[in-house]
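Please look over the model below. The notes that follow take up its pockets, one helix, its cavities and its confidence scores.

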Amino acid sequence: MNLSALRRGLGNSLVQAVLVVVGLLWLTPLAGLLVSSLRSAQDTAKGGWWTALTSPRQLSFDNYTSLLGNAGMTRAFWNTVLISVPTTILVVAIAALAGYAFAWLEFPGRDALFLLVVALLVVPVQIGLLPVAKLFGQLGLFGTIPGVVLFHVSYGLPFAIFLLRNYFAEIPREMLEAARMDGGNEWRIFTRLVLPVGRPALASLAIFQFLWVWNDMLVALLFADSSSQPLTVELQSQIRQFGSNIDVLAPGAFLSLIVPVAVFFAFQRHFVQGVMAGSVK
Amino acid sequence: MTVTLTRTTAPPAAEAVARKRRARRRGRTVALLFVLPALLLLGALVVYPVLFSVGRSFFDASGTRFVGGDNYTEMFRDPATLKAVRNTAVWVVVAPTLLTGLGLILAVLVEKVRWATAFKLLLFMPMAVSFLAAGIIFRLAYDEDPDKGVLNAAAVGVHDAFRDTAGYPTARARDGAGLTRGADGSYRTGTTVSPGDTVTLGLVGVAPKDLPAGAEPASAAAARPAGPDELRGVVYLDFTPGGGGKQGAVDRQESGLPKVRVEAVRDGKTVASTTTAADGSFRFPGLETGSYSVALPGSNFSQPYDGISWLGPALVTPAIIGAYLWIWTGFAMVLIGAGLSTLPRDSLEAARMDGANEWQVFRRITVPLLAPVLTVVFVTLVINVMKVFDLVYIIAPGPVQEDATVLATQMWLVSFGGGNDQGLGSALGVLLLLLVIPAMVFNVRRFRGSQR
């Protein structure tokens, strides 16, 4: 009895030790980026970021000051906002409308169309790049922010509709019929009943979608030009001279990850749910 | 219920039917308006492109000549795309397996500590970080220069901890300074020495900036007399910064060379060995009388160990998979942890009561019960791994890009990154689509099942 308790106690401290090591392992790369982003190019050339831990005089916000003074960087940051916010709103709005219609409204071919939408879940973004680029070229959307947004919205929709239809379908039939009997038209029912009831799903979807687009590089790499490119593409273009550009890349990367990480900590539960649901993609 | 009853009794039957039909038609119009924006976008930007790409994949690079399945056979003939297919296969097998295993272990372990939530949050956080930022983070960590990359700094640190000599790869002796060079790169005194002697071994070819920190001037030690049964000496840098020193003599400003391995050799056999102190001094106490020579073995002059070439052609894919683990382990752990919390506590407790140890409980009960969840995690990861693009594109340095290439990056390179073969590029896109379909069908089935 005493022996097994002792063994359990020992086992538990071993588990704690293992998890502490794993936790540190996970924190180190991020700490490396943060510390690197606060060091000058000269210090970076001289030694690793960990030397700053013993001589904290190396640390300063100079890199960030010059980053914020860099017109290309600040524009790229705003482009990221201008791409990800409208995309998120559009995906949620369009998918909520369609999701409600697929769940509760009658129209010919409804089930077949919904099956098609679900089938589109498999389509990888890659397959759309070339044809849509040609199409956008003809429409004058290539290299513009609306072009990037439209592409993201389209490829975000199948999952979004799938998620919301399934969520809305759970709304009790009596609730909707009572609203219809009270003389509510479909638009009223949608805005007054369906959207409020669906809030948890809408929030998870919005967070997932925002994250996805904020972090995207591939789509913007093709569809954005130098005036509409987001932070990821702007930073990517400087990767070639990686060694000599750390004083720009490290703070830039930190700037680009601080927004989603803040969203993560602010909305932990919705965030985890959104990512979990979104991983079907 | 009462509302329905009063309604049906009010209007005459014929009028009611007509009104119902009208209402239905209006309902249809409204429904179509609700789905129209989605259908328009999906039709124009998803359905049409898929059809276009499938068609385009049967045409040549310029899109003018129908080539049938040539692009698809080319995919497995062209060394670059074949490499991409192979690497993707490695990714699909290795990454989901490691992630599921790691996630399972951590999910089980984290249940046992009180700060489980904090740990889960920490490990899940990289999911919020873009592949680009993660790529920069790991490009930094994997840097080959041990003075930049934390992983190589650790590797070199561990390696050097098992080796007490400092390397002086550029050091050499001046000709005629009393040291002769052996075939293995070692140096040995030309004349023999006996206990009671003090020898000075001057080397050149070490730049002052390459001297180890903490090296001290050697002149004091060089002047110290040796006892009757000991052999003393210094290994020093026979070079005075700023000039003015005398060759072959230990001048006042000249530095000792610390951590040089020194051997006392008698009749061709090493009888004693030591390493030099900060001022380059060494001593061999307790020697028998006789004639010796002093040798500096070749290991002093070998190239220093400079770590592992993480981003070289051989290790680049495992290295990028490592970065991928950093991002996704939290996901696997949280999903498996959710499954773990639904396991029947009673059967676990019962097994423990029957005297099963933790490992047996894990092997015989936890894992089999978790099998469905583990499958879901695995399949989900397969889908995501198949499409991996940014990480490879960012972490693999330019020249190694072709060793690290996967389907998604290859598709990009072939179509837009200079390859300019949109026929082959489309075929690669279609292949990606075909590969994702089975996993996706599985996942959608599961998702719908869980919704019911």
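**Notes on the model**

1. Helix 1 of chain A gives the largest share of the lining of the second largest pocket, nine residues. Helices here are DSSP runs (H or I, at least four residues), numbered from the N terminus. A pocket is an open set of points, on a 1 Å grid over the protein atoms alone, with protein on both sides within 12 Å along at least five of seven lines, and lining residues have an atom within 4 Å of a point.

2. This is a predicted model: local features need pLDDT of at least 70, side-chain atom pairs count only at pLDDT 80 or more, and totals for chains, interfaces and linings use all residues. Residues are numbered from 1 along each chain as its sequence is written, chains are lettered from A and ligands numbered from 1 in the order in which they are written, and side-chain values use heavy atoms, with hydrogens and water left out.

3. The second largest pocket has a volume of about 1,100 Å³, the space filled by probe spheres set on its points, which are joined across faces, edges and corners. It is lined by 29 residues, of which R8(A), K112(B), R352(B), N357(B) and E358(B) are the closest to its centre. Helix 1 (2-37) of chain A and, from chain B, helix 4, helix 10 (345-353) and helix 11 (358-386) each supply at least two lining residues.

4. Which residues of helix 10 (residues 186-197) of chain A are buried? They are E186(A), I189(A), F190(A), L193(A) and V194(A) (buried: under 20% relative accessible area, exposed: over 50%, 1.4 Å probe, protein chains only). Seen down the axis of this helix, they fall within an arc of 125°, so they line one face; the arc is that of the directions from the helix axis to the C-beta atoms. W187(A) and R192(A) are exposed on the face turned away from the buried side. The cover over the buried residues includes helix 5 (71-104), helix 8 (145-168) and helix 9 (173-181) of chain A, together with helix 2 (13-56) of chain B.

5. The structure holds four cavities of 30 Å³ or more (a cavity is a set of points where a 1.4 Å probe fits but cannot get out). The second largest has a volume of about 70 Å³. Its lining includes W49(A) and I246(A) as well as L140(B) and K148(B).

6. The model scores ipTM 0.90 and pTM 0.79. Chain B has a mean pLDDT (the predictor's confidence in each residue, from 0 to 100) of 85. Among the elements of chain B, helix 1 (residues 2-9) has the lowest mean, 43, and helix 4 (residues 79-110) the highest, 95.

Note on methods. Contact means heavy atoms within 4.5 Å.
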